[in-house]
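Here's a quick briefing to read with the model open beside you. Take a look at the structure first, then work down the topics.

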Protein chains: 2
Amino acid sequence: MILKTIFLGLEAGGKSIVILNLDDAERLGVLSLGRVTIRFDEVEKTAIVHTSSKLIDSGRIGVCKKVWSDLGLSEGSEVEVEAAPFPDSLYFIRNKLNGRKLAHDEIREIVEDTVDEKLSDVELSAFVTALHSFGLDLDEATYLSLAMIETGRTMKLDGGPIVDKHSIGGVPGDKTTLLVVPLVAAAGLLIPKSSSRAITSPAGTADRAEVLMPVSLDLEEMRDVVERTGGCLVWGGSVHLAPADDIFVRVEYPLSIDPLLLPSIMSKKRAVGADLLVVDIPTGRGAKVKTIGEADLLAKDFMEIGSRLGIRVRCAVTYGEQPIGSAIGPALEAKEALEALMNRGSVVDLVDKATAIAGMILEMAGKTDGKAMAIELLRSGRAEEKMREIIAAQGGDPDIAPEDIAVGDERFTVRSDRGGSVLWINNSSVAEVAKFAGCPKDAGAGILLHRNIGDVVGEGEPLFTIIAERGSNLRRAQERLERVKVMGVGDRMEMLIHEVKERPVVKRSFTLDR
Amino acid sequence: MILKTIFLGLEAGGKSIVILNLDDAERLGVLSLGRVTIRFDEVEKTAIVHTSSKLIDSGRIGVCKKVWSDLGLSEGSEVEVEAAPFPDSLYFIRNKLNGRKLAHDEIREIVEDTVDEKLSDVELSAFVTALHSFGLDLDEATYLSLAMIETGRTMKLDGGPIVDKHSIGGVPGDKTTLLVVPLVAAAGLLIPKSSSRAITSPAGTADRAEVLMPVSLDLEEMRDVVERTGGCLVWGGSVHLAPADDIFVRVEYPLSIDPLLLPSIMSKKRAVGADLLVVDIPTGRGAKVKTIGEADLLAKDFMEIGSRLGIRVRCAVTYGEQPIGSAIGPALEAKEALEALMNRGSVVDLVDKATAIAGMILEMAGKTDGKAMAIELLRSGRAEEKMREIIAAQGGDPDIAPEDIAVGDERFTVRSDRGGSVLWINNSSVAEVAKFAGCPKDAGAGILLHRNIGDVVGEGEPLFTIIAERGSNLRRAQERLERVKVMGVGDRMEMLIHEVKERPVVKRSFTLDR
């Protein structure tokens, strides 16, 4: 069928999309979400079909930006259009929908077509949902990791061993990586660390690091920094290690599922050539993983996939029932981390966690008594020195002082309405309030905790302070406090947790950030 | 945040969609596929967000047709935009994704939001995929039926009993309904039959009936026809019995899954007030249901849901390994059905199937020996007379003769390259070739079978004829024959069915048409 083109001026997320008049589509024998082949000037292109009975007249075809430029069309070009079969990858997805295990080449084709934007949102969503519903076994997780590596960029560093650390996330204020990287690099190991920005949390490690130095480095710049300093703290998005992951994340977000957690993490570690890896699994009520048993099972999977990809993995199951340190929000956290590196203040839990994880890495690399070594590297100032080297290598100011870091000056302190002990801190409420205050976009926004679990507090004493860059955000965060409770204070454990009076709409907290 | 509007001129399938600049979206704290509330002139509207770093400048918001007109916007209007929570229905969908059973009010809210286009493709796809993966139990199927009825239109007829029939489809050439409706109506029962058009098959009952009479009646016209004649043959799409179904079908099609089969069928039957229902379940290799055991299980589900909805159901498990009659394609089938009603020709299987099903309905309505009664109604010409009444009432020509029905004059006959018996006919290949010939859009296209399974054929004798309205389609259908085999002829059962030499891409045939 010959149709005349109309430019839609639509990016459609990089997908190849055309809109056909419903009658033309019926004549071609394609339905909405089917495919057509479009031929123009001996170039051929397949696109996903949407139909409309009003927007596009019969005899015309609405064309999105991508197809338009790929075919070199102009307004009113005559193109030949015919029905095209569904891509093979869709048949593989359908198999998974029916509970079949996917083979290596099938997974590769699905991931390739994902990166090439050949699959519609409906198809991607079905794939992710089926992975979540039926689970993916270790073979599939390994193949997915490999396919994500093959469709992304990789880095080869000279020397070694190359080490890495990763937290599955979920605990607000976890700035451990900002200490672990300089600690490990100061011991002479290579740690090419890439991190994500916040997706559903108040701050990602990339957001925290960005307060201290530029993090949007490309892969060559990243390699250069690691070769000069032994470590780096860059944003994963700018090095394009796993472009498939960005697409899957987009679909996972509204669904609050994350079946690709393991392949996503492991593929990026393999892509930077890691030999040794420590995975942090924060555990407890309010963390992603609720029990130690579950954490151990997840650890087993990480170690097994690691061994298949040639990465030696150890896991740290860590206490995840409250924020790490007292600062939440990019700038506040960067400041707290820098202070800890400078041996200022006394953020006991942060220092303990960072030296424990750095110690595990050091021991994997053959050192004895890693934790003591890490503590000494911190105490001696060598970790701080290394951090300043990394900051300089990435283009930041090596002389940055904690006082230089700007934080918001709109503040509101919440005080306890009773005396007692802090019985619990709700991680997801902390995250929610911090986001209402402006995190992560307003780097200077966030929360400062004045009490941790177990601390004694008197009536009228401060529990935490909300910090914002703008008054409107501070007010939104304050309003939010009327609906969510951040800390529980009491003398004894009250036995009634929660009364259910009518059928609740269960809105589980979910952190996608990996 | 105040943003200036840009009109996108996009229908987006009736969905409320806006495009934000990536920076603005981050500032608002929403990601692609999240939601925002847009306020203008004291009217408020929630829309699904897409983000772009290039298409839309910061400070602007691209708005689709629906939001544009609902808010009465003009180019450059200043609207207030803020992050909105996900709709509750999405939380219910997430529960199903985690294998939880859905409650009645949860299902109602999902279906309502589906009809109101409040859910994105990603979310709808996840819902349909989760229903397919985890299955839906009888409670959920019943609630889905009820929700589809509540969100659609219903009909109340005086008198009764009101009867109905339905085939789950999958067998090409099944024009049984064109005989059953007049047979049952001629016996004095009310049968308000609505049917679908072809979605993935060469002809739906609505396409067949449309050759004889108009079928795009609205609900009032449909009721009028049934009140005057006792029966009707209308297209379900024009009476809007279950608008949710049209949306689910769109998503199910690329995925080749149909978890909503039962609710979809039963909701439409309840919507027209059916008291008694016979469900035809064609069974066998090449049909939707492969074995009698499976068919019985499906029958049990139909009967159970029927009893919950107040519909008495019986099921007919019928032979589905080859097409019914010899004609495939809207006009060819309408002609064959009209001839059978006129007692011309001898389409033994069609007449047997139609009188068996009509007989079951008659017996459910209290008649004795229904099949004999149905045969007599056919033989006596009373069924033909009733069909002509219905044709007249729907605005067709009551004197239509089989010879008046136009069929294509581009023809190609396939002959047997060996002598023997017809061992098998591949239903999905028959459907595929008929569609390449132009079905269902070209009503006069299709296939005429000259042999059925078990028939003896000599070398060079005709097996079937492909019929098309246009030469180009005939050639495409002929070319298709090189890749698919429609009939198998042999002397004996050859034991090797199929050799697998390399890993196959399994492309199962799938008929969505209900």
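A residue is called buried here when 20 or more other C-beta atoms lie within 10 Å of its own, with C-beta atoms placed from the backbone. By that yardstick, the buried part of α12(B) is made up of B:L262, B:P263, B:S264, B:I265, B:M266, B:S267, B:K268, B:K269, B:R270 and B:A271. Keep in mind throughout that this is a predicted model.

**Helix α12 and its surroundings**

- Helix α12 of chain B covers residues 261-271, and 10 of its 11 residues are buried, so the rest of the structure largely encloses it.
- Just after α12(B) comes B:G273, with a positive phi near 80°.
- On the other side, the loop between α11 and α12 of chain B holds B:S256. B:S256 isn't a glycine, yet its phi is positive, at about 55°.
- B:S256 counts as buried because it has 21 C-beta neighbours inside 10 Å.
- B:T154 sits in the loop between α6 (138-150) and β7 (163-167) of chain B. Once neighbours within four places in sequence are set aside, B:T154 is in contact with B:I149 and B:A271, and B:A271 is one of the buried residues of α12(B).
- B:T154 and B:K269 are 115 residues apart in sequence, but their C-alpha atoms are 9.6 Å apart in space.
- B:T154 itself has 15 C-beta neighbours inside 10 Å, so it counts as partly exposed.

**How the two chains meet**

- Contacts between the chains involve 43 residues of chain B and 44 residues of chain A.
- On the chain B side, α1 (22-28), α3, α5 (121-134) and α11 (243-255) each supply at least two residues. The largest share, 10 residues, comes from α5(B).
- Sorted by class, the side of chain B that touches chain A has 20 nonpolar, 10 polar and 13 charged residues.
- What takes chain B onto chain A? A turn of 180° with a shift of 0.0 Å along the axis does it, leaving an RMSD of 0.0 Å. The two copies are thus related as by a two-fold rotation axis.
- The copies meet through the same surface, because 100% of the interface residues of chain B are also interface residues in chain A.

**Helix pair α3 and α4 in chain B**

- The axes of helix α3 (residues 88-97) of chain B and helix α4 (residues 104-115) of chain B come within 9 Å and cross at roughly 120°. The two helices are therefore oblique to each other.
- The crossing of α3(B) past α4(B) is left-handed.
- From α3(B), the contact uses B:D88, B:S89, B:F92 and B:I93, which meet B:E106, B:E109, B:I110 and B:D113 in α4(B). By class, that contact divides into 3 nonpolar, 1 polar and 4 charged residues.
- B:D105 also lies in helix α4 of chain B, and B:D105 is partly exposed, with 13 other C-beta atoms within 10 Å.
- For a sense of span, the C-alpha atoms of B:D105 and B:R379 are separated by 51 Å, and these residues are 274 apart along the chain.

**Helix pair α7 and α17 in chain B**

- Helix α7 (residues 177-186) of chain B packs on helix α17 (residues 382-393) of chain B at an angle of about 105°, with the axes 8 Å apart. That makes α7(B) roughly perpendicular to α17(B).
- Here B:L179, B:P182, B:L183, B:A185 and B:A186 in α7(B) meet B:R382, B:A383, B:K386, B:M387 and B:I390 in α17(B). The class tally is 8 nonpolar, no polar and 2 charged residues.

**Backbone oddities in chain A**

- Most residues other than glycine have a negative phi, and most peptide bonds are trans.
- The peptide bond from A:G160 to A:P161 is cis, with omega near 0°. A:P161 belongs to the loop between α6 (138-150) and β7 (163-167) of chain A.
- The A:C439 to A:P440 peptide bond is cis too, with omega near -5°. You'll find A:P440 in the loop between α18 (427-436) and β15 (446-449) of chain A.
- Which residue sits in the loop between α14 (330-341) and α15 (348-364) of chain A? That's A:N343, a residue that is not a glycine but has a positive phi of about 60°.
- A:N343 is partly exposed, with 14 other C-beta atoms within 10 Å.

How values were computed. Residues numbered from 1 in each chain as written. Chains lettered and ligands numbered in written order. Predicted model: local features only at pLDDT ≥ 70, side-chain atom pairs only at ≥ 80, totals over all residues. Axes fitted to C-alpha atoms, helices over the stretch in contact; angles between N-to-C directions. Helix = DSSP H or I, 4+ residues; strand = E, 2+ residues; numbered from the N terminus. Parallel < 35°, antiparallel > 145°, perpendicular 65-115°, else oblique. Left-handed = near helix turned anticlockwise from the far one by under 90°. Contact = placed C-beta atoms within 7 Å. Nonpolar A, V, L, I, M, F, W, Y, C, P; charged D, E, K, R; others polar. Buried ≥ 20, exposed ≤ 12 C-beta atoms within 10 Å, placed from the backbone. Least-squares fit on C-alpha atoms with pLDDT ≥ 70 in both.
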